[in-house]
Amino acid sequence: MTEPTLAQRLGYPADAKLVVINADDLGSCHSANVGVFECLATGTVTSATLMVPCPWAREASSRYRGEDIGVHLTVNAEYELYRWGPITHAPSLLGGDGGFPRTMEDVWDHADLDEVRRECRAQIERAILWGFDVSHLDAHMGTLQLRPEFFDVYLERYMGFPARAVAADEGAVFTDHFRYVGGVGSRETFERDFATLRPGVTEFLLHPAVDSAELRSLATDDWESRVDDYEMICKEDWVRRRLDEAGATLIGYRPLRELARAGG
């Protein structure tokens, strides 16, 4: 007998096209907090992920009203002049200036896996303490997903090891497809990939933020792309229209979480 598809396990037909649109980097700055919550309010963005160690994460929790929000597990701080660090003060996760390393390679070369595990657990626990009903997990910059030994902590088909098979063997529930965006700025991916949706659950991501002096000062290389992600959702109407034309149904991560809790 053929195993049921993820869509069927979620209560949809086998050929259903289900789409999660996830907003990353909630808590990274005030502009991101405003942008992400406004995008969630439209219903087109169906989930978001919180960067717990960042300076504006606590403010994000004050805006939370039960939206579908997970934890964006963070072990990097990529900006040169805007810094944040491990909430566990783990020595192997501290760069020379007291913040997380800026690059994935620096984490991979120097981080102690036990300290990474404690840090990730602490980030999840703090989000729960702040009142978030954590719906899912993902990883900032992909640092915990792109190396097998770090993926073991994270428990996606990346970089030469069967990560999806490993996750499935551990009972994790995850989307069928993930439309990767290199860097920041999702307009091109949305325009290209909505028309070629396959049956199953597909995740798209974006990094919305409202324009502000704050955003321009800290995200000097990509602030315009973050604002464009926000405007694409909140000031234009084509995203929802294109998804409707493709026969897609928007869902969040909570149904996947409940399936996992039920032994899905």
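**Exercise 1. Strand β6 and its partners**

Task: Determine how many bridges join β1 to β6, and whether the two run parallel or antiparallel.

Solution. In this predicted model, β1 and β6 are parallel strands joined by seven bridges. One point of reference in this pairing is A23, which stands opposite L206 in β6.

Task: Identify the bridge partner of F178 in β6, and state the hand of the crossover from β5 to β6.

Solution. Begin with the pairing: strand β5 (residues 177–179) runs parallel to β6, and three bridges join them. Within β6, F178 has E203 as its bridge partner. Next, follow the chain: from β5 it passes through helix α8 (residues 187–193) and then enters β6, a β-α-β crossover that is right-handed. Finally, consider the burial of β6 (residues 200–206): seven of its seven residues are buried.

**Exercise 2. Helix α2**

Task: Decide whether the end-to-end distance of helix α2 (residues 30–42) agrees or disagrees with a rise of 1.5 Å a residue.

Solution. The expected span is 1.5 Å times one less than the number of residues. For the 13 residues of α2 this gives 18 Å, and the end C-alpha atoms lie 19 Å apart, so the two values agree. After the helix comes G43, with a positive phi near 85 degrees.

Task: List the buried residues of α2, and state what covers them.

Solution. The buried residues are S31, A32, N33, V34, G35, V36, F37, C39 and L40. Their cover includes the strands β1, β2 (47–50) and β3, together with the helices α3 (57–63), α9 (213–218) and α10 (223–234).

**Exercise 3. The nonpolar cores**

Task: Name the residues with the most contacts inside the largest nonpolar core, and the element that gives the largest share of this core.

Solution. The largest nonpolar core has 61 residues, and those with the most contacts inside it are I21, L50, I69, F190 and V239. Helix α2 supplies the largest share of this core, six residues. A second core, separate from this one, has twelve residues, among them L18, I251, Y253 and L259.

I69 may then be examined individually. Apart from neighbours within four places in sequence, I69 is in contact with L26, F37, L40, A48, L50, Y64, F132, D133, V134, S135 and H136. Of these contacts, F37 and L40 also belong to the buried residues of α2.

**Exercise 4. Aromatic pairs**

Task: Classify the pair Y82 and W84 as edge-to-face or stacked, and then describe the pair F190 and F194.

Solution. The count of aromatic pairs is eight. For Y82 and W84, the centres are 5.4 Å apart and the planes form an angle of 80 degrees. Planes over 60 degrees apart count as edge-to-face, and the pair Y82 and W84 is therefore edge-to-face. Both Y82 and W84 are buried.

For F190 and F194, the distance is 5.0 Å centre to centre with 35 degrees between the planes, a tilted pair. F190 and F194 are buried, and they form one aromatic cluster with F204 and W238.

**Exercise 5. Positive phi outside glycine**

Task: Establish where D25 and H89 are found, and whether each is buried or exposed.

Solution. Most residues other than glycine have a negative phi. D25, not a glycine, has a positive phi of about 75 degrees. D25 is found in strand β1 (residues 17–26) and is buried, with a relative accessible area of 3%.

H89, likewise not a glycine, has a positive phi of about 55 degrees. H89 is found in the loop between β3 (69–73) and α4 (104–110) and is exposed, with a relative accessible area of 62%.

Conventions:
Residues numbered from 1 in each chain as written. Predicted model: local features only at pLDDT ≥ 70, side-chain atom pairs only at ≥ 80, totals over all residues. Heavy atoms only, no water. Helix = DSSP H or I, 4+ residues; strand = E, 2+ residues; numbered from the N terminus. Buried < 20%, exposed > 50% of the residue type's maximum accessible area, 1.4 Å probe, protein only. Pairing = 2+ DSSP bridges. Right-handed = clockwise from strand over helix to strand, strands pointing away. Contact = heavy atoms within 4.5 Å. Core = buried A, V, L, I, M, F, W, Y, C linked by side-chain atoms within 4.5 Å. Phe/Tyr/Trp six-rings, centres within 6.5 Å; stacked < 30°, edge-to-face > 60°.
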